[in-house]
Amino acid sequence: MCGIVGYVGSKEVVPVILEGLRRLEYRGYDSAGIAVGTEGQATLSVRRAPGKLRNIEQVLRDHPLHGTYGIGHTRWATHGRPTEENAHPHRDCTGRIVVVHNGIVENYLELKRELTAQGHVFVTETDTEIIAHLIEQIQKESSLQKESSAHSETAGAPSFDRSVGQGWVPTIPLEAAVRQAVKRLTGAFALGVLSSLEPDKIIAARFGPPVVLGIGEGEYFVASDVPGILHHTRNIVFLNDGEMAILTLGGVQITDFEGKSLPVKPQRILWDPIQAEKGGYKHFMLKEIWEQPRAIRDTTLGRISLDSGQVFLAEMGLKPEDLAQATSINIAACGTSWHAALAGKYIIERLARLPVEVDYASEYRYRGPIADPNALGLLITQSGETADTLAAQREMIALGSKTVAICNVVGAMITRDASGTIYTHAGPEIGVASTKAFTSQITALFLFALHLAQVRGQLTTAESMALVEELSRIPTKIEEMLKRISAQCEELARSFSHARDFLYLGRGIHFPIALEGALKLKEISYIHAEGYPAGEMKHGPNALIDETLPVVVLATQDHTDSGSRLRYEKTLSNVQEVTARSGRVIAIAVEGQEDIAQLVEHVISIPKAPELLLPLLEIVPLQLLAYHIAVRRGCDVDQPRNLAKSVTVE
Ligand code: F6R
């Protein structure tokens with residue numbers, strides 16, 4: 001949700017910033033803008049454009065900018081429409097200070113009233129603009145205070161130059177003014193601030209949304225996420241909440257909001273910047289679908305023993321007795337991560353025999369959850385930044401629970417207050433529609449459930465070994481399946497891309513997969529789609545069925561599992577109810593399941609697997625189907641309208 005890239009060095013800044021913004025465009029694409037400092041100019045030059053990055057690129061071709069320091073922003077609109085005026089960077093009254101911002105200033109109306117009364121003129125509908133004026137006001141007040149004390153001491157000669165800008169010159173440096181300003185803000189912010197009076201300097205501050213710094217050779221970078229700067233340096237500093245950074249040609253300094261100096265500790269990022277490139281695929285989403293075998297493998301790597309069946313998750317930061325004494329698990333997550341959570345409930349309850357509650361993170365606080373210090377909180381979030389999930393975590397902690405995060409981004413916000421984090425090693429996910437993060441989350445949940453079951457004595461060694469081995473086979477099965485079903489999914493997309501609505505049905509652990517399949521389709525193709533528990537159809541939704549309605553049914557089964565067989569038989573009856581009413585069924589079934597093939601128009605077959613691992617396989621055709629339908633409809637697959645990758649507002 002909004003991407004920031006800043007640079008101080010000796011290179012031409014515009015290409016550096018544009019390249020960085022391109023890699024962060026997944027964070028928002030409602031508008032973009034850039035501010036560049038040019039030597040000898042009293043103000044910073046700003047260019048902005050509504051819409052995607054290509055629009056600002058065109059503006060910059062028509063009206064080029066040159067300089068060696070600057071800051072850029074790509075926006076996901078919260079306050080104010082996605083117009084040019086509301087595009088960042090925003091300026092103060094003098095035009096000397098510019099600000100880019102990711103987050104929300106909750107008290108902006110109150111501050112706006114105060115600053116308006118002090119004579120500031122606002123030209124945008126955004127909350128961000130108040131930050132520029134607030135910094136201006138703080139610098140102005142410091143200057144006037146100095147002027148009046150200088151007057152009283154020396155009766156005359158003020159100690160500042162009246163010839164610049166609006167008749168005053170700051171007497172405190174930009175970082176001091178930003179420090180005072182951030183203390184007045186409530187809400188969440190990642191900020192980048194520049195002043196034309198202090199060339200070659202960027203101030204960055206973090207309270208909530210992420211800020212990373214890049215340490216190069218005589219050049220320094222700031223960004224919202226590592227891919228924005230990884231092409232220039234692998235030495236990355238993750239700014240913590242409540243910290244500020246001052247980037248100059250002399251290096252990087254970090255302080256807290258009180259001004260106390262803090263050590264600068266770069267971490268070497270080992271993943272390849274190519275992981276954040278399309279690598280020959282038409283879209284990031286398609287690349288990320290194909291990366292799932294690797295992502296699942298990496299998420300399992302070093303955490304399982306095929307010899308003993310044991311699962312190692314020391315990174316959870318919990319003692320075995322915490323797990324042994326746990327009375328229940330509360331999971332909170334949003335969107336796709338919530339679907340993973342729901343699948344996780346089936347896995348944990350089945351393997352560890354512990355009750356699991358799953359909440360939409362955005363709803364958790366509002367249902368008045370009951371305090372139980374022995375209930376373990378589990379937060380699932382790809383980005384680790386989702387505001388609702390962070391709020392649910394705070395609530396769980398306030399209720400006395402320990403929390404564990406399942407997260408894909410190292411050092412993300414959610415990991416800060418968690419007892420520990422099970423990282424999914426999916427690598428950067430750029431497509432806004434989540435794919436490999438989802439399957440990695442289910443993998444992590446499977447590991448978590450196995451570990452919990454082992455600690456609680458719910459699995460024999462032989463059972464553990466069998467499950468761990470089956471898990472380790474999943475990546476190869478997906479590889480094989482991808483090769484086999486890709487063309488079929490593309491072909492099916494041709495037949496179904498004009499549908500107005502879709503239904504996705506599943507029972508048991510396959511119901512969350514139906515929900516996820518429907519979400520994928522609606523978010524990237526804009527076709528209305530609903531996921532439904534197959535057995536609920538007769539209680540209402542059957543009325544929707546006619547010959548125009550495609551119904552995707554998860555009709556897989558694990559022949560070795562009696563519960564799975566029973567579920568399958570019931571699902572088969574539901575399929576018959578649909579076909580009897582002329583609904584067009586696309587069934588996802590395991591290889592060799594002949595009975596379903598005789599019943600329905602289309603079958604996509606997936607490899608056999610144990611019931612609890614089938615979701616990892618059956619989501620793949622649903623992702624491909626959604627992808628190809630969206631492509632056929634000419635939709636912007638990687639950057640669907642009105643969405644952003646990480647949602648840092650509640
Ligand atoms: C959909 C999607 C979203 C996210 C949701 C939570 O494809 O990606 O529904 O799953 O916004 O995001 P995280 O997992 O970052 O908390």
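A polar contact is a pair of N or O atoms within 3.5 Å. Keep that cut-off in hand for the first stop. The model on screen is predicted.

**Stop 1: the ligand**

Select the ligand and K520. An N or O atom in the K520 side chain sits 2.9 Å from an oxygen atom of the ligand, inside the 3.5 Å limit for a polar contact. Now add E523. One of its polar side-chain atoms is 2.5 Å from a ligand oxygen. Then pick S434. Here the partner is a polar backbone atom, 2.9 Å from an oxygen of the ligand. Switch on the surface: the ligand alone exposes 410 Å², and the protein buries 90% of that.

**Stop 2: the shell**

Widen the selection to the residues around the ligand. There are 14 of them, and the closest are S337, Q382, S383, T386 and E523. Colour the shell by class: four residues are nonpolar, eight polar and two charged. Which helices each supply at least two residues of this shell? Show α9 (335-352) and α15 (511-525); both do.

**Stop 3: H510**

Step back along the chain to H510, in the loop between β21 (501-506) and α15. Is H510 buried or exposed? It is buried, with a relative accessible area of 0%. Display its side chain together with that of E618. The two make a polar contact at 2.3 Å. Next, show the residues that H510 touches beyond four places in sequence: L554, T556, R567, E611, L614 and E618.

**Stop 4: helix α3**

Go to α3, residues 108-117. Select Y108, L111 and L115, which are buried. Look down the helix axis: the buried residues of α3 fall within an arc of 65 degrees, so they line one face of the helix. Turn to the face pointing away from that buried side. It carries R113 and A117, both exposed. Just after the helix, click on G119. Its phi is positive, about 100 degrees.

**Stop 5: I172**

Finish at I172. Find it in the loop between α4 (129-154) and α5 (174-184). Which residue, 33 places away along the chain, has its C-alpha 6.4 Å from that of I172? Select Q139 and draw the C-alpha to C-alpha distance. Then display the contacts of I172, leaving out residues up to four places away in sequence. I138, Q139 and S142 are among them. A177, Q180 and E198 complete the list.

Conventions
Residues are numbered from 1 along each chain as its sequence is written. This is a predicted model: local features need pLDDT of at least 70, side-chain atom pairs count only at pLDDT 80 or more; totals for chains, interfaces and linings use all residues. Side-chain values use heavy atoms; hydrogens and water are left out. A residue is near a molecule or strand if one of its heavy atoms lies within 4 Å of it. A polar contact is a pair of N or O atoms within 3.5 Å; within protein, one must be able to donate a hydrogen and the other to accept it, and residues adjacent in sequence count only if both atoms are side-chain atoms. Accessible areas come from the Shrake-Rupley method with a 1.4 Å probe; for residues, only the protein chains shown count as cover. Helices (H or I, at least four residues) and strands (E, at least two) are DSSP runs, numbered from the N terminus. Ala, Val, Leu, Ile, Met, Phe, Trp, Tyr, Cys and Pro count as nonpolar, Asp, Glu, Lys and Arg as charged, and the others, Gly among them, as polar. Buried means under 20% relative accessible area, exposed over 50%, partly exposed in between (1.4 Å probe, protein chains only). The arc is that of the directions from the helix axis to the C-beta atoms. Contact means heavy atoms within 4.5 Å.
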